[in-house]
Amino acid sequence: SFVWMSASPSNERGGRPHKNNMDLTSADYYFNSYAHFGIHEEMLKDEVRTKSYMNAILKNAHKFNGKVVLDVGCGTAILCMFAAKAGARLVIGVDCSEIIDQAKEIVATNGFSDTIVLIKGKMEEVELVDTQGEKVEKVDIIVSEWMGYFLFYESMLDTVLFARDKYLKPGGLLFPDKATLYLAAIEDGDYKEEKIAFWENVYGFDMTSIQRIAMTEPLVDTVEADAIVSDSVPIMRVDLTTVQKGDLVFQSPFVLTATRNDYIHALIAYFDITFSHCHKPIYFSTGPRSRYTHWKQTVFYLDDTLVINAGEKVRGHLSCKPNDGNPRDLDISITYDFQGKNSTASRAQNYRLR
């Protein structure tokens with residue numbers, strides 16, 4: 001399964017590569033970056049993520065026993081091996097990255113070569129085959145770890161939907177099958193000062209031209225639970241069984257209600273994931289009040305500092321679409337309107353998650 005490269009400008013904290021090699025296309029760099037074991041190490045050590053998949057598969061072996069399973073973006077083949085361990089008759093893993101060469105060794109070392117077939121290439125271009133090289137037309141279950149920052153950054157979801165439409169049998173299962181993206185408001189004055197106001201006076205020089213760029217790039221970082229000053233509201237729900245690629249371009253109104261007297265410096269987004277086909281549904285959250293995951297949270301700094309009282313509301317609208325030049329990046333627009341007792345603000349801001 002994939003783990004996602006850190007969105008700028010938080011690379012020094014996220015420790016993942018940027019897309020800065022001009023000799024590679026964006027897609028080439030994206031796939032090549034996943035060849036390095038360090039990215040997969042971070043992913044595998046994310047226990048919330050990995051154990052959720054493990055439990056969803058192994059605790060529901062009755063769903064997998066004797067079935068044909070497809071893993072879209074198989075990485076180190078960890079999900080493939082869970083599925084094989086759960087009794088799947090055949091598991092097919094597909095990945096574009098060079099990591100699949102190590103994955104083949106891992107599969108052999110763990111004695112699953114007679115059950116797991118790993119295919120290197122793009123999901124849209126490869127032909128699925130079994131361990132004997134015979135063509136496979138349909139699968140019973142699709143597993144995939146497709147989620148990116150802000151749920152959709154560098155999204156592999158459209159690839160999962162392609163696999164669903166082409167290979168999944170009628171009534172077949174997706175693991176996971178539901179996702180919800182949430183928005184909340186936070187007080188983050190100190191860190192905003194460190195990251196944004198810093199450019200106003202850099203050793204006596206004005207570098208506010210960089211500040212303007214920094215404001216357009218969401219920060220991927222860990223937000224403390226006590227920084228949240230509003231309720232959390234869902235802005236996008238995804239049912240993988242029915243969602244279409246066009247649905248991933250979305251617009252959503254939101255109303256955030258303050259839970260205490262404080263300041264709002266930024267909005268944050270995070271997501272929840274559900275495996276609803278389990279005997280007992282399995283769920284995990286990437287929110288600030290939950291255990292750490294490598295997805296962290298996505299922070300959108302506001303131009304205004306809102307002075308808000310408990311019960312006051314920030315009304316707004318968020319839209320999201322793939323960037324025209326690089327569809328793995330996201331163009332996100334947020335408009336907000338606040339009419340409070342101590343401050344008012346109304347503004348539209350554009351961001352690019354890249």
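**Exercise 1. List the buried residues of α6, then say why this helix counts as largely enclosed.**

*Solution.* Start with the roll call: Ile78, Leu79, Cys80, Met81, Phe82, Ala83 and Ala84 are the buried residues of α6. Buried here means under 20% relative accessible area, with a 1.4 Å probe and protein chains only. Helices are DSSP runs of H or I with at least four residues, strands are E runs of at least two, and both are numbered from the N terminus. Next, set the list against the helix: α6 spans residues 78-85, and seven of its eight residues are buried, so the rest of the structure largely encloses it. Finally, look just past the helix: Gly87 follows α6 with a positive phi, near 105°.

A quick word on the ground rules. This is a predicted model, where local features need pLDDT of at least 70, side-chain atom pairs need 80 or more, and totals for chains, interfaces and linings use all residues. Residues are numbered from 1 along each chain as its sequence is written, and side-chain values use heavy atoms, leaving out hydrogens and water.

**Exercise 2. Classify the aromatic pair of Phe284 and Trp295, and place both residues in the chain.**

*Solution.* The structure holds 11 aromatic pairs. Rings of Phe, Tyr and Trp (its six-membered ring) pair if their centres lie within 6.5 Å; planes under 30 degrees apart are stacked, over 60 edge-to-face, the rest tilted. Phe284 and Trp295 sit 5.9 Å centre to centre with 15° between the planes, making the pair stacked. Phe284 lies in strand β11 (residues 282-285), and Trp295 in the loop between β11 and β12, 11 residues apart. Both Phe284 and Trp295 are buried.

Definitions and conventions. Buried < 20%, exposed > 50% of the residue type's maximum accessible area, 1.4 Å probe, protein only.
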